[in-house]
Every structure is written in C-alpha cells, then in structure tokens.
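Biologist: Before we discuss anything in detail, please put the model up, so that we can both look at it while I ask my questions.

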Amino acid sequence: MAQPPATAPPPPGPLGSAPEPAALAAYLTGLEAWVRGRRTELDDLDAAALASGRGAEVATDMALALSLWKAVSDRYAAMWATWDGGRVLEADRAKVTALVWTRLDGAGASVPEACRLSDSLTSTLRTKLALTPGADAAAGRIKDLRAQLERIRDQVALEPAVGRDATVDRLAAMMARLDDIAERAGRGADVGGLLPSLEQDAAVFERDLIVGNQRRREARGLLAEVRTERAELVARGAALQRLAATCVATVQPAPRYAVPDVEALGPLPNTPEALGAYRDRLVRVGQAMTLADDAYADALAEHAQLVALLDGYVVKARATGAAGHPDVAAAEQQARDVLARRPCPVPIARQLVTTYQTWVDAQGQTTGGQP
C-alpha cells in the first residue's frame with residue numbers, strides 16, 4: 001500500500017501545564033494530520049480486506065481501530081474548539097493539555113496512549129493483509145519493532161515493583177527474538193514468516209501495559225475522590241453536631257437523629273474493589289446526614305417562622321387599632337414569653353400565635369379598623 005503510516009505528534013506538555021501557543025498550534029496541526037491520515041489508512045485496509053474476502057477475519061481488530069480513531073478524532077474536535085483559532089489565555093491552554101491527557105470516552109486511555117495503541121493495531125492489520133509499505137523489505141519492519149519495544153520498555157518502567165519481574169522477562173524474551181530475526185535477516189535469510197507473530201505479540205503486550213497503567217491511574221483517582229468525600233463528610237458531621245445541639249436547646253420537641261460517625265467506617269482501603277464498597281457506605285452516611293440535617297433545620301425554621309408570624313400580626317393589630325386592647329396585648333405577651341423560652345415548647349407556641357391572630361381579627365372587626 002502506497003499510503004505511508006500516519007505519525008502522531010508528541011504531547012505538547014505534561015498534565016497541568018499551559019504550553020506556549022506556538023507549541024499547541026504545532027501539536028494540533030500534527031494531530032489533525034494524524035487523524036486524517038489514520039482514517040485514510042483504515043479505509044484502505046478495510047477496502048483491501050473486503051476485496052480479498054478477509055473482512056470477517058479482521059473485523060474485530062478493524063472495529064477496535066475505528067473506535068480508537070473516533071475517540072481521538074472527537075477529542076481533537078474538543079481541543080480545536082477550546083483552541084479557538086489561537087485566541088486563548090493561560091487557563092484555556094491548560095484546558096487543551098488536560099484534554100490531551102484525560103481519558104477518552106470508550107477508549108480507556110489518553111490521546112497519546114490511544115494513538116500508540118492505534119499504531120499497533122494498524123500495523124497488525126497491515127501485516128495480516130500483507131499491506132505493510134515495503135513488505136518485502138524486512139529491515140523496515142524490524143526497525144518499527146525496535147521502536148515499539150522501546151516504547152514498551154518505557155511502559156514497563158511504570159509498572160509497580162511487585163510483579164514487574166514478569167513484565168521485564170517478557171520484554172527481554174521479545175527483544176531476544178527480534179535480535180535473532182535481525183541477525184537472520186542480516187545473513188540474507190527470509191524472515192517474513194517470523195515477523196508477524198512477533199509483531200502481534202508486541203502489539204498485545206503494549207496494549208496490556210497501556211490498559212494496566214490506565215487502570216492504576218483510575219485506582220489512584222478513585223482513592224483521591226473517596227478521600228475527599230470522606231473528609232467532606234467528617235466536616236458535615238461536625239457541623240451537624242452543632243446544628244443538633246442548637247436545635248435541642250432551642251425547641252421542644254426536637255428531632256432525635258443520631259449523627260453518623262464517619263470514623264466508625266474505619267480507614268480507607270487500598271484496593272479498587274474495597275474502595276467501591278467503602279464509597280457506597282459513605283453515600284449511605286451522607287444520606288443519613290442529609291435526613292438529620294433537614295429535620296433539625298426544619299424544626300429551627302418553624303420556630304423562626306412563628307416569631308416572624310407573630311411580628312406580622314402585631315403590625316396588623318397596630319394598623320387596625322386592636323393592639324391596645326388588653327386581651328390582644330396579653331395574648332401577644334404570652335406568645336412572646338413562650339417563644340423566648342429555651343427550649344421553646346413549639347406546639348404551645350404555635351397555638352398561642354394562632355390565639356393572638358384570632359384576638360387581632362376579632363378586635364379589628366369590633367373597632368372597624370379605627371385606632
């Protein structure tokens with residue numbers, strides 16, 4: 001196939017950085033070229049597979065390759081919209097970088113990782129369909145494999161210490177196979193039958209490493225989220241304790257909800273599965289706090305509303321001339337005395353405010369609204 005493989009540009013900067021406009025412009029230009037070039041490659045590969053009657057054989061790999069391309073293409077569109085033709089401030093440039101490194105929907109990887117995985121899959125498809133540029137020249141494929149194994153070496157370095165030996169051994173075995181193939185090719189041997197299996201194994205290995213690294217990042221992100229949620233609940237619990245104490249001291253009867261103790265859940269676990277269960281318990285604690293908070297707040301709000309209601313009736317009594325009547329004045333004083341008690345018997349206060357309203361209405365009618 002004459003179409004050369006598309007090459008993704010290097011990332012413009014790490015997550016959290018705000019690269020200079022020129023660097024972002026160069027990256028977006030390169031990524032646009034990669035998106036267009038990769039789509040052309042995939043269309044050519046799909047046409048070749050259908051023409052050779054091997055569409056079903058490569059259908060799974062082709063679907064995954066198209067899914068990766070679509071995820072990167074959509075993210076590029078979001079970056080281009082944020083870039084806004086270069087009219088960007090530092091915060092906007094940081095948003096573009098965040099779009100480079102945050103996980104793609106449906107791909108489970110960042111843009112650079114998705115591009116590398118797409119490269120591996122596309123290379124595998126070219127190999128299966130015997131469409132690799134210069135397929136008769138093993139040197140080009142050996143060179144590509146060396147570059148891929150170097151990328152894999154970088155990924156292996158990110159693996160946790162526990163269990164890293166197995167991945168190191170797996171990489172070493174692949175490098176030994178490649179060295180053997182290169183030596184055979186140097187002697188003029190036909191290595192066309194040896195390269196496809198190594199290319200396939202390298203593609204699978206690189207994909208496994210990228211996925212594993214992404215899952216570890218997700219686990220770290222989940223731990224940070226759960227830690228933040230726990231801290232927020234601890235603060236909410238302290239505030240709820242103060243609200244409950246104020247409510248009990250102010251009104252009677254007061255709600256009697258136990259304030260959930262976040263500390264009783266124990267320390268944060270360190271595995272994704274346990275963190276998920278722990279987060280579910282935090283959600284239930286938060287729901288219990290919301291229920292208690294609403295009940296205490298409503299009880300205090302009713303007391304405040306009774307005070308405001310009484311004040312409103314007093315204004316009305318003064319306007320109608322009923323305020324000076326001894327029974328009206330006595331009813332007001334009695335209601336205020338009960339509302340001022342701590343704790344205030346709310347049912348009685350409610351009844352006394354209603355009684356005062358009745359006196360005001362009755363005397364207002366008697367005086368005919370005259371002071």
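Biologist: In which loop is Asp-84 found?

Modeller: Helices and strands here are DSSP runs numbered from the N terminus, a helix being H or I over at least four residues and a strand E over at least two. In that numbering, Asp-84 is found in the loop between α2 (59-83) and α3.

Biologist: How far should I trust the model, and what average pLDDT does the chain have?

Modeller: This is a predicted model, in which local features need pLDDT of at least 70 and side-chain atom pairs count only at pLDDT 80 or more, while totals for chains, interfaces and linings use all residues. Residues are numbered from 1 along each chain as its sequence is written, and side-chain values use heavy atoms, with hydrogens and water left out. On the scale of pLDDT, the predictor's confidence in each residue from 0 to 100, residues 132-136 stay under 50. By contrast, 93% of the residues score at least 70, and the chain average is 87.

Biologist: Near what value is phi of Asp-84, and with which residue does its side chain form a salt bridge?

Modeller: Phi of Asp-84 is positive, in a residue other than glycine, and lies near 55°. With buried meaning under 20% relative accessible area, exposed over 50% and partly exposed in between (1.4 Å probe, protein chains only), Asp-84 counts as partly exposed because its value is 36%. A salt bridge requires a side-chain nitrogen of Lys or Arg within 4 Å of a carboxyl oxygen of Asp or Glu, and the side chain of Asp-84 meets this rule, at 3.2 Å from N to O, with that of Arg-87.

Biologist: Which helices hold the two residues of the salt bridge between Glu-229 and Arg-279?

Modeller: The closest N and O atoms of Glu-229 and Arg-279 are 2.7 Å apart. The pair links distant parts of the chain, 50 residues apart, with Glu-229 in helix α7 and Arg-279 in helix α8.

Biologist: How far apart are the end C-alpha atoms of α3?

Modeller: The expected span of a helix is 1.5 Å times one less than its number of residues, so the twelve residues of α3 (residues 90-101) should span 16 Å. The model agrees with this expectation, as the end C-alpha atoms of α3 are 17 Å apart.

Biologist: Which residues of the largest nonpolar core touch the most other members, and which helix supplies its largest share?

Modeller: A nonpolar core is a set of buried Ala, Val, Leu, Ile, Met, Phe, Trp, Tyr and Cys residues joined through side-chain atoms within 4.5 Å. Of the 36 residues in the largest one, Leu-339, Val-353 and Tyr-356 touch the most other members. At least two residues of this core come from each of α7 (195-250), α8 (272-320), α9 (326-340) and α10 (346-367), and the largest share, 13 residues, comes from α8.

Biologist: Which residues is Val-353 in contact with, leaving aside its neighbours within four places in sequence?

Modeller: Contact means heavy atoms within 4.5 Å. With those sequence neighbours left aside, the partners of Val-353 are Leu-306, Leu-309, Leu-310, Tyr-313, Ala-335 and Leu-339.

Biologist: Where is Pro-343 placed?

Modeller: The peptide bond from Arg-342 to Pro-343 is cis, with omega near -5°. The proline of that bond, Pro-343, is in the loop between α9 and β2 (344-345).
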